[in-house]
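Reader: I would like to go through some of the terms used for this fold. Please give the grounds for each one.

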Amino acid sequence: MSREPAIRISRLAHAFTGTNNAGPTWALRDFSLDVAGGEFVCLIGPSGCGKSTVLNIIGGLLAPTAGDVLVKGRKIAGPSPADIAYVFQEGALFPWATVLENASMGLLFQDVPKQRREEIAQSALAAVGLTAFDDYFPGELSGGMKQRVALARALSVEADILLMDEPFAALDEQTRIVLGVDLSNLLGTRGKTIVFVTHSLSEAVFLADRVVVFTARPGSIKEIIAVDEPHPRRGEFMTSEKFNELRPRLFSLLHDEIKKAMSQQQLSASPAPPP
């Protein structure tokens with residue numbers, strides 16, 4: 001890993017304004033974090049605590065209410081596709097395009113010549129194990145394979161930073177483990193900086209160099225847990241003593257925050273008192 005942070009988040013705060021004149025809802029408050037180059041950081045916390053908001057601000061998709069985000073020393077003021085690629089929960093593939101065409105779509109938008117973008121996309125598909133499926137269409141693929149194509153598309157643009165918002169949430173546990181191993185391999189071989197949002201304790205421990213645990217809304221950092229295990233990681237790590245110590249520790253940290261979040265949701269869903 002490089003010594004200088006690839007991402008520097010300083011005193012971030014963000015509020016969403018509702019339409020019921022109830023005032024702003026603070027999703028984040030006083031959130032600061034440095035992410036080193038080549039590091040895999042997982043964000044985990046109760047629903048509504050601002051994990052995806054942090055990701056959207058890093059990616060330039062959302063302007064913060066307060067605070068700054070620096071990527072490679074430059075303040076983020078909008079999307080930066082040359083530096084940052086995004087992988088969402090849904091792969092959002094174009095159904096009329098082949099796997100190869102989907103994987104190279106970002107390069108098409110960057111006006112890369114056809115031969116060169118196909119070469120780059122084929123390399124990315126090889127990295128996610130889909131070389132034999134480049135002429136298939138999304139409708140012919142399983143859910144896990146579609147997410148591999150989405151990951152290949154992110155790799156194709158050759159950005160140094162990947163932002164991943166629960167990309168495996170809709171998949172079965174076995175497929176999630178396999179894709180997690182693939183992602184760990186990619187980190188080991190390509191040195192990408194990855195910020196990954198998840199609700200899965202096991203996924204966080206298996207993938208991350210560090211796990212950032214959020215408080216209930218407004219989200220701030222409750223604790224950061226280091227996972228001292230080199231990449232690439234194998235499935236056997238999930239049965240190790242280290243893994244089985246860290247996962248319950250994460251659950252313990254999250255338990256009270258989840259209860260707070262549930263109380264917030266109940267209060268917000270309660271009917272207003274009669275006039």
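Author: What follows takes the central sheet term by term, and the model is a predicted one.

Reader: What makes β6 and β10 the edge strands?

Author: The open sheet has six strands in the order β6-β7-β8-β3-β9-β10, with mixed pairing. β6 (84–87) and β10 (221–226) each pair on one side only, and they are the edge strands.

Reader: How do you know that β6 and β7 count as paired?

Author: Two strands pair if there are at least two bridges between them. β6 and β7 (residues 161–165) have four, in the parallel sense, so the criterion is met. Ile 84 stands opposite Ile 161, and Val 87 opposite Met 164. On to β8: β7 pairs with β8 over five bridges, again parallel, and there Ile 161 stands opposite Thr 193.

Reader: Why is β7 called mostly covered?

Author: A residue is buried if its relative accessible area is under 20%. Five of the five residues of β7 are buried, therefore the strand is called mostly covered. Ile 161, Leu 163 and Asp 165 point one way, Leu 162 and Met 164 the other.

Reader: Which helices lie across β7?

Author: Helix α1 (residues 51–58) is one of them, running at about 150° to β7. Helix α6 (residues 173–190) also lies across β7, as well as β3 and β8, and runs at about 155° to β8.

Reader: What makes β7, α6 and β8 a right-handed unit?

Author: With the strands pointing away from the viewer, a right-handed path from the first strand over the helix to the second runs clockwise. The β-α-β unit of β7, α6 and β8 is right-handed, so its path runs clockwise in that view.

Terms used:
Residues are numbered from 1 along each chain as its sequence is written. This is a predicted model: local features need pLDDT of at least 70, side-chain atom pairs count only at pLDDT 80 or more; totals for chains, interfaces and linings use all residues. Side-chain values use heavy atoms; hydrogens and water are left out. Helices (H or I, at least four residues) and strands (E, at least two) are DSSP runs, numbered from the N terminus. Contact means heavy atoms within 4.5 Å. Axes are lines fitted to C-alpha atoms, for helices over the stretch in contact, and angles run from 0 to 180 degrees between N-to-C directions. Buried means under 20% relative accessible area, exposed over 50%, partly exposed in between (1.4 Å probe, protein chains only).
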